[in-house]
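Colleague: I would like to learn how to read a model like this one step by step. Could we begin with a single residue and work outwards from there?

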Amino acid sequence: MKIYFRISTLVLLVLFLSEGFAQSNSEFTPGAIWNDNNGVHINAHGGGVMLFKGRYYWFGEHKIEGEKGNTAQVGVHCYSSKDLYNWKDEGIALKVSDDLSSDIAKGSIIERPKVVYNKRTKKFVMWFHLELLGEEYKAARSGVAVADQIGGPYKFLKSYRPNPGLLPFYDQYTSADERLNCQAPATEVDGFFCRDISGGQMARDMTVFVDDDGKAYHLFASEENYTLHLAELSPDYLSHTGKFIRIHAGRQTEAPALFKRGGFYYMVGSGCTGWAPNAARWFKASSIWGPWTFMGNPCEGKGSNLTFGGQSTHVLPVAGKKDAFIFMADKWNPKNAIDGRYLWLPMVFENDQLKIRWKDSWDLSTFQ
Ligand code: DGJ
């Protein structure tokens, strides 16, 4: 026992020293300062985590101090980890540009970056919500960047509003009166959609999801944040194919995260109250093209009506464990953006209901 303890302590020590960790973590403490290998609070807000060759990579918004930190002054930060508790700083994966005419000029807004790997092209593709310098949240564009190495450097390719000139995809069960009529929009929100057909649909809070068949989808808050759009990406993941649907039209869902479990698609999102927290919401579908059923608030217990102070950003499947998904949320601090905190909580599936409950601290042994 004693020998076993000493050997395992030694192995951990060697691991942490080899990765340069000052101190090691063996649990998650939602809302607390979370230091990287250099003893610096992780700076990857609104982020996503992907697994590549047995290592996790966390990409997120690099924020600076103060309110200025709500704009992109540096770029997208990348960290990596073997165990999800301890993260090594891999540097800035996508840098903002000093050329003020660039779409990703320093001072623009770059939010919710998500990276996926394209097995066909062997490229890493980063999508993000982009707002142009000095235009606040008017542009509502999607930006895309690409890299040969997971940690970057990512090369910015383009930004635009998706799916100009197009109507949503309807299946054979959609009746004529359920379809958009842009001659006479039925609601104000339908009117936002119709207004934007010519220039492309607005795209703000977003995520990217790769299905088992390798197809990728972009899910984003559109129509002045009133309606989610789920849009298919091209085989190289670098553009939209033009096939898309509207989800939960007119009900203001932000902060979408998508995952798949047992053949079903799940989505978690939030309401729309700026940086302030609100109640989370979840949806379920048996086909990515819907129908997506609204399932209510997955959070339970004290603080559940405000997502425990956070807002969803990603759902992370834990490698090697069945039914193990981590709910990743941001606890924003808009007055001092760099001090935003991370709320990672385990997802629980009970009789096919999704539950998220607060924990002061927890570890992966929570999952069976
Ligand atoms: C809520 C969004 O989820 C964030 O990503 C950010 O865009 C803020 N709104 C800005 O107020």
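Modeller: Let us start with His 248, bearing in mind that the model is predicted. His 248 has a relative accessible area of 17%, and because buried means under 20%, this residue counts as buried.

Colleague: Where does His 248 sit, and which residues does His 248 touch beyond its neighbours in sequence?

Modeller: His 248 is placed in the loop that runs between strand S12 (240-247) and S13. Once residues up to four places away in sequence are set aside, His 248 touches Tyr 226, Thr 227, Thr 253, Arg 281, Phe 283 and Phe 294.

Colleague: How should I read a helix in the same spirit, and which residues of helix H2 are buried?

Modeller: The general idea is that an α-helix has 3.6 residues a turn, so residues three or four places apart point the same way. In helix H2, which spans residues 188-195, the buried residues are Val 189, Asp 190, Phe 192, Phe 193 and Cys 194. The cover over the buried residues of H2 includes strand S11 (227-233) and S12.

Colleague: And the nonpolar core: which residues of the largest one touch the most other members?

Modeller: In soluble globular proteins, nonpolar side chains tend to be buried together. Here the largest nonpolar core has 39 residues, of which Trp 58, Leu 84, Trp 87, Ile 326, Trp 344 and Met 347 touch the most other members. Among the elements giving two or more residues to this core are strand S2 (55-61), strand S13 (254-261), strand S19 (325-331) and strand S20 (341-350), and the largest share, six residues, comes from S20. Leaving aside neighbours within four places in sequence, the contacts of Ile 326 include Phe 28, Leu 84, His 314, Trp 344 and Phe 367. There is also a second, separate core of 23 residues, which includes Phe 59, Val 115, Phe 128 and Ala 147.

Colleague: Finally, which residues surround the ligand, and how do they divide into nonpolar, polar and charged?

Modeller: The ligand is surrounded by Glu 111, Arg 112, Tyr 137, Asp 205, Glu 254, Gly 274, Trp 275 and Gln 311, a shell that divides into two nonpolar, two polar and four charged residues. As for individual distances, a polar side-chain atom of Asp 205 lies 2.4 Å from an oxygen atom of the ligand, while for Arg 112 such a pair is 2.8 Å apart, and for Glu 111 a side-chain N or O atom is 2.7 Å from a ligand oxygen. Of the 290 Å² of accessible area that the ligand has on its own, the protein covers 90%.

Technical notes: Residues numbered from 1 in each chain as written. Predicted model: local features only at pLDDT ≥ 70, side-chain atom pairs only at ≥ 80, totals over all residues. Heavy atoms only, no water. Near = heavy atom within 4 Å. Polar contact = N/O pair within 3.5 Å; in protein donor to acceptor, adjacent residues only side chain to side chain. Areas by Shrake-Rupley, 256 points an atom, 1.4 Å probe, with all protein chains shown as cover. Nonpolar A, V, L, I, M, F, W, Y, C, P; charged D, E, K, R; others polar. Core = buried A, V, L, I, M, F, W, Y, C linked by side-chain atoms within 4.5 Å. Buried < 20%, exposed > 50% of the residue type's maximum accessible area, 1.4 Å probe, protein only. Helix = DSSP H or I, 4+ residues; strand = E, 2+ residues; numbered from the N terminus. Contact = heavy atoms within 4.5 Å.
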